[in-house]
Amino acid sequence: MVTIAAIIYEPGSSIKNKTGTWRTFRPILDTNKCVKCENCYIFCPEGAIQEDENGNFKIDYDYCKGCLICMNECPVNAITKVREEK
Amino acid sequence: MCEVKVITGTSAAAEAAKLADVDVIAAYPITPQTTCVEKLAEFVANGELDAEYIKVESEHSAMSACIGAAATGARTFTATASQGLALMHEMLFIASGMRLPIVMMVANRALSAPINIWNDQQDSIAERDSGWIQIYVEDNQETLDSIIQAYKIAENEDVLLPVMVCLDGFILTHTVEPVTIPKAERVRDFLGVYEPKHAYLDPDRPITQGPVGVPDCYMETRKQVEEAMERAKKVIKEVNEEFSERFKRKYGNGLVEAYNLDKADTVLVAMGSVCGTIKYVIDELKKEGKEVGLLRIRTFRPFPKEDIKEFLKDANNIAVLDKNISLGFNKGALGIEMASILKNKKVCNYIVGLGGRDITIDNIKSIINHVEKAEDDETVWVGLKE
Amino acid sequence: MIEIRFHGRGGQGAVTAAQILAKAAFYDGKFCQAFPFFGVERRGAPVMAFTRIDDKKITLRCQIYNPDYVVVQDSSLLESVNVVDGLKKDGAVIINTVKDDLNLGFKTYTIDATGIALDVLGVPIVNTAMVGAFAGVTKLVTIESVKKAILETFKGKLGEKNAKAAEVAYNEMLKKYG
């Protein structure tokens, strides 16, 4: 059923659309090397990198598209890439 | 000899404008037209086309700039689609009222809301009464050929009206297929030089264009446009003939194209790229021993009443396909026109392909089945979801 | 008429692949048509593109629902897209994967096109390799025409590298499947 004027009544519905399968490369964050500068968190265009309760940054692979901007921005090379094998 | 390239509809349109050796291009980007003017900007930038490319801030300005340029006697080209064409609306009437032979490529696209970038023909149909000649093409080759022909038609002294060449957005604009590109000299030879006698700027012969048309003369100018539209029918046919003699390609009689009409009791009437799919279905049905015809309307304005009546005189089941809808009347524009000229026939109207809904082989077959069984004129929306 | 459907992700050049295949068929003396699935384009999102090849002029304008061949540029698509949807019974799938034994219920031809692209181009853009692989499996177009179409699409060094990627994939498919 199409709603009147195709209005979307459900807020935040784009969260249903997981984009993790889009990756060719998977960024891996080494928390031992991480200096918590927040660069990856700031630059991730998808908001897929967040701080957890222990103050560590985590990549949400359900939404990470593998653009590797985080890897580029990391000043201490704490983020590396591996090819997704599918 | 000529060259064959595998290109999109927008590239074919740009090639045509280049071949017509236009003097001025003023355009504003909009999907699915953008790649056409991008290509033209490239031609101008790298010196392949000696033209003035005016970058403007809106489609309203694009048409305004074309009007200004055409009023000086320059050969002008622009392209647009959908919301862009709607924004031009006001200026379209000025272009035709001033009798300026501007040629425009329209990449047919749905109008918002909801926002939709895909194909239907509502945008150009909404400009039906703007005084522009409208040609609807079936494929990329016809896009190129029609834009060349459009200059010959528009600049004819019996016509002097702007022409929009309408091609289906995405279905043609973003599809590559082989297109024969004629030699520039041969196109130059065919078109000749545009030397307006009615409207141009010359300091030695000052004139006023676009003056106030008081009640004493306004109505006469409208009648002049109507008469020019009527004369355009003959000119379009002649241009189609001359084009076919020179370039060996022909589009029906210029106004309409008949396909397998001779033995057909059931005839589909449509405009644009869907006619290609209809031809495919007709050929398939023919193999099964069933005869169905197609009358493709190439020019919606001027509307070829006489030809349609003649071509459809023996048909009994007439199915008119419309990629537009006149809301509040539940018919498309072509359906309305057809019903008004074919008063004693069964004319069913099928609303198809709005906002990019794909028109499948099965859709066409269902239309044929429906019109053959229908007892009276009916309107059916084809391919709606339950 | 042969109908081919390409599955890829936005930015992987599925549309360009469909166009290169059409051009190659044209250089081989055939009629052709190629077009994208008319949808929303986003980098990384699943996309489709189509090619038709025939001995006579193609007038059909609808999308392809029952392809003869499906070309899958990214095997991760299998998680979210039914790539064999509508594929003809005797149709075939050509898929980019590292798994040699992948079987999708139809004749399945596999190639590590990402490996080839990373080797030859240095980036994981597999579209030209996949057209080369298609030519190697189906022999519907010659590799010479594929390379010509690629060189026309990409100018200079980029064209040469992509033509090379197509040729490597073509030869690998010949070796693997004869």
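User: Why is Cys62(C) called buried or exposed?

Analyst: In this predicted model, where local features need pLDDT of at least 70 and side-chain atom pairs count only at pLDDT 80 or more, while totals for chains, interfaces and linings use all residues, Cys62(C) has 3% relative accessibility. Buried means under 20% relative accessible area, exposed over 50%, and partly exposed in between, with a 1.4 Å probe and protein chains only, so Cys62(C) counts as buried. Residues are numbered from 1 along each chain as its sequence is written, and side-chain values use heavy atoms, with hydrogens and water left out.

User: How do you know whether the sulfur of Cys62(C) is within reach of a bond or too far?

Analyst: A disulfide is a pair of cysteine sulfur atoms within 2.5 Å, and the closest cysteine sulfur, in Cys275(B), lies 14 Å from that of Cys62(C), which is therefore too far for a bond. Over all chains, the structure holds zero disulfides.

User: What makes the pair Asp139(B) and Lys57(C) a salt bridge?

Analyst: The term requires a side-chain nitrogen of Lys or Arg within 4 Å of a carboxyl oxygen of Asp or Glu; in Asp139(B) and Lys57(C) the closest N and O atoms are 2.7 Å apart, and the pair therefore qualifies. Between chain B and chain C the count is two salt bridges.

User: What is the area buried between chain B and chain C?

Analyst: Taken as the accessible area (1.4 Å probe) that two parts lose on being put together, summed over both, the buried area is about 1,900 Å², with carbon and sulfur atoms giving 63%.

How values were computed
Chains lettered and ligands numbered in written order.
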